[in-house]
There are 2 protein chains.
Amino acid sequence: MAYRATDKTRAAQAQRRELLLATSEKLIAAGGFAAAPVKVIADACGMSVGSVYSHFAGRADLLAAVFRRGADQELAEVRKAVEACESATDRLQAVVRTFAWRAIRGRQMAWSLLFEPVDPRVDEERLIYRRSYVEVTTAILHDGIAAGEFPAQHVDIAAAALIGAISESLAGRLSPVPVEATESSSDADIVDAILELCLRAVGAEPASR
Amino acid sequence: MAYRATDKTRAAQAQRRELLLATSEKLIAAGGFAAAPVKVIADACGMSVGSVYSHFAGRADLLAAVFRRGADQELAEVRKAVEACESATDRLQAVVRTFAWRAIRGRQMAWSLLFEPVDPRVDEERLIYRRSYVEVTTAILHDGIAAGEFPAQHVDIAAAALIGAISESLAGRLSPVPVEATESSSDADIVDAILELCLRAVGAEPASR
């Protein structure tokens with residue numbers, strides 16, 4: 001059975017859009033948003049600059065779309081890790097470990113998702129992305145307080161604080177510009193330190209760690 | 001005694017630059033970076049757009065200069081509050097209270113300094129600004145551990161985490177777009193909750209609060 005021409009065109013369009021997104025993601029994962037000007041993306045896709053603009057209104061739209069894909073994937077991994085756990089303490093640990101280890105292992109991409117100075121359109125996506133993590137954490141804290149794992153506390157503040165704490169404490173490790181450290185540490189030390197601080201911050205029982 | 005013409009010109013130049021910075025700051029404090037296009041700034045100063053560009057290479061340079069002024073002032077207030085305290089615990093409380101209360105009281109400016117999506121040049125300043133707060137906090141934590149006020153911990157991570165925690169936990173309060181909250185709170189509740197979380201996070205003795 002033959003497809004109609006419009007279906008074929010639509011499929012080809014979708015395929016080229018997908019190629020643009022996947023190629024941009026690779027470039028960003030290797031050198032950040034700064035390494036992904038439209039001309040470079042177009043060349044890497046074997047497309048003209050003009051045809052990039054037939055898929056995205058501008059570079060900011062393309063980068064924002066790549067950001068959303070990357071961010072959604074990270075968030076999905078965190079949710080998956082959380083769902084595999086029972087207690088609120090274990091779920092909170094899953095958020096910290098998954099977020100931190102994936103960031104350290106995909107360092108350049110994590111830097112770009114979290115910190116790289118870039119177009120305001122991407123910054124807007126960043127605010128939404130952080131809100132999603134705060135929501136995941138809010139639910140865990142409410143459950144943990146109800147179950148007696150954490151003391152009563154201001155859950156909205158605590159959830160936002162944890163996400164700020166995790167992401168900011170990774171900044172030094174992820175930065176492409178070396179940040180002065182007062183002590184040297186392995187990646188595992190960093191993740192353990194973040195985890196310890198987060199559990200202490202919400203008053204998790206040391207015994208349940 | 002008469003000034004030479006070049007001195008007069010230089011003084012007039014400096015005065016106009018100062019007028020541009022002060023006027024931009026007022027506009028940003030009222031409506032964020034978004035409320036400060038070059039044309040609006042020029043009009044408010046009674047200057048032409050062209051003459052704005054004789055002082056700053058572009059809007060991003062002007063905004064970055066306004067950011068630095070605002071950020072330096074905030075940081076100076078925090079340092080002053082810290083220097084007025086003795087113990088590390090009190091100094092840490094001074095960081096949290098000064099940062100949080102000044103942000104809540106100068107809400108729009110704080111939103112712009114911390115979160116508003118804006119030109120990458122300003123984002124670069126933001127990274128430097130946050131590093132300065134982390135440095136202030138690192139010194140306090142080292143002193144507090146040496147004095148036995150806080151348990152041994154990874155100081156670089158803890159300092160970055162605290163700054164991330166304070167700033168992210170203010171995001172909901174400062175946002176011009178309402179953020180869904182699971183509980184309602186006064187400004188004082190918010191500041192107390194942030195303070196409690198920060199002290200718990202570094203293991204400060206409840207008694208010394």
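**Figure 1. Phe33(B) is a buried residue, with a relative accessibility of 2%.** Welcome to a predicted model, shown here in a handful of close-ups. We start in the loop that links helix 1 (5-31) and helix 2 (38-45) of chain B, which is where Phe33(B) sits. Because its relative accessibility is just 2%, under the 20% cut-off, Phe33(B) counts as buried. Leaving aside residues up to four places away in sequence, Phe33(B) touches Ile28(B), Arg59(B), Leu63(B), Phe67(B), Ser112(B), Glu116(B), Val118(B), Val122(B) and Arg126(B). If you like to follow the backbone, look for Asp119(B) too: 86 residues separate Asp119(B) from Phe33(B) along the chain, yet their C-alpha atoms are 9.3 Å apart.

**Figure 2. Helix 6 of chain A, residues 107-114, is mostly covered.** Of the eight residues in this helix, six are buried. You can pick them out as Met109(A), Ala110(A), Trp111(A), Ser112(A), Leu113(A) and Leu114(A). What do these buried residues of helix 6 of chain A pack against? Within chain A, the partners are helix 1 (5-31), helix 4 (59-83), helix 5 (88-105), helix 7 (120-146) and helix 8 (155-174). Chain B joins in as well, through its helix 7 (120-146).

**Figure 3. Chain A and chain B meet through 41 residues of chain A and 41 residues of chain B.** A handy way to express the size of an interface is the accessible area lost when the parts come together. Here the two chains bury about 3,400 Å² between them, and 61% of that area is on carbon and sulfur atoms. Three residues to look for are Ile157(A), Glu168(A) and Arg200(A): they supply 18% of the area that chain A buries against chain B, more than any other three residues.

**Figure 4. Two salt bridges are counted between chain A and chain B.** One to zoom in on is formed by Arg130(A) with Glu168(B), where the closest N and O atoms are 2.7 Å apart. Eight residue pairs are in polar contact between the chains, both residues having pLDDT 80 or more. On the side of chain A that touches chain B, helix 7, helix 8 and helix 9 (187-201) of chain A each supply at least two residues. The largest share, 10 residues, comes from helix 8 of chain A. Sorted by class, this side of chain A has 21 nonpolar, nine polar and 11 charged residues.

**Figure 5. Chain A superposes on chain B by a rotation of 180°.** The shift along the rotation axis is 0.0 Å, and the RMSD is 0.0 Å. The two copies are therefore related as by a two-fold rotation axis. Both copies use the same surface, with 100% of the contact residues of chain A recurring in chain B.

**Figure 6. Gln153(B) lies in the loop between helix 7 and helix 8 (155-174) of chain B.** Is Gln153(B) buried or exposed? Gln153(B) is buried, because its relative accessible area of 13% is under 20%. A polar atom of the Gln153(B) side chain lies 2.9 Å from the backbone oxygen of Val202(B). The backbone oxygen of Pro151(B) also lies 3.1 Å from a polar atom of that side chain. Not counting residues up to four places away in sequence, Gln153(B) touches Glu183(A) and Arg200(A) in chain A, together with Ile145(B), Ala158(B), Ala201(B) and Val202(B) in chain B.

Conventions. Residues are numbered from 1 along each chain as its sequence is written. Chains are lettered from A and ligands numbered from 1 in the order in which they are written. This is a predicted model: local features need pLDDT of at least 70, side-chain atom pairs count only at pLDDT 80 or more; totals for chains, interfaces and linings use all residues. Side-chain values use heavy atoms; hydrogens and water are left out. Buried means under 20% relative accessible area, exposed over 50%, partly exposed in between (1.4 Å probe, protein chains only). Helices (H or I, at least four residues) and strands (E, at least two) are DSSP runs, numbered from the N terminus. Contact means heavy atoms within 4.5 Å. Buried area is the accessible area (1.4 Å probe) that two parts lose on being put together, summed over both. A salt bridge is a side-chain nitrogen of Lys or Arg within 4 Å of a carboxyl oxygen of Asp or Glu. A polar contact is a pair of N or O atoms within 3.5 Å; within protein, one must be able to donate a hydrogen and the other to accept it, and residues adjacent in sequence count only if both atoms are side-chain atoms. Ala, Val, Leu, Ile, Met, Phe, Trp, Tyr, Cys and Pro count as nonpolar, Asp, Glu, Lys and Arg as charged, and the others, Gly among them, as polar. Copies are superposed by least squares on the C-alpha atoms of residues with pLDDT of at least 70 in both.
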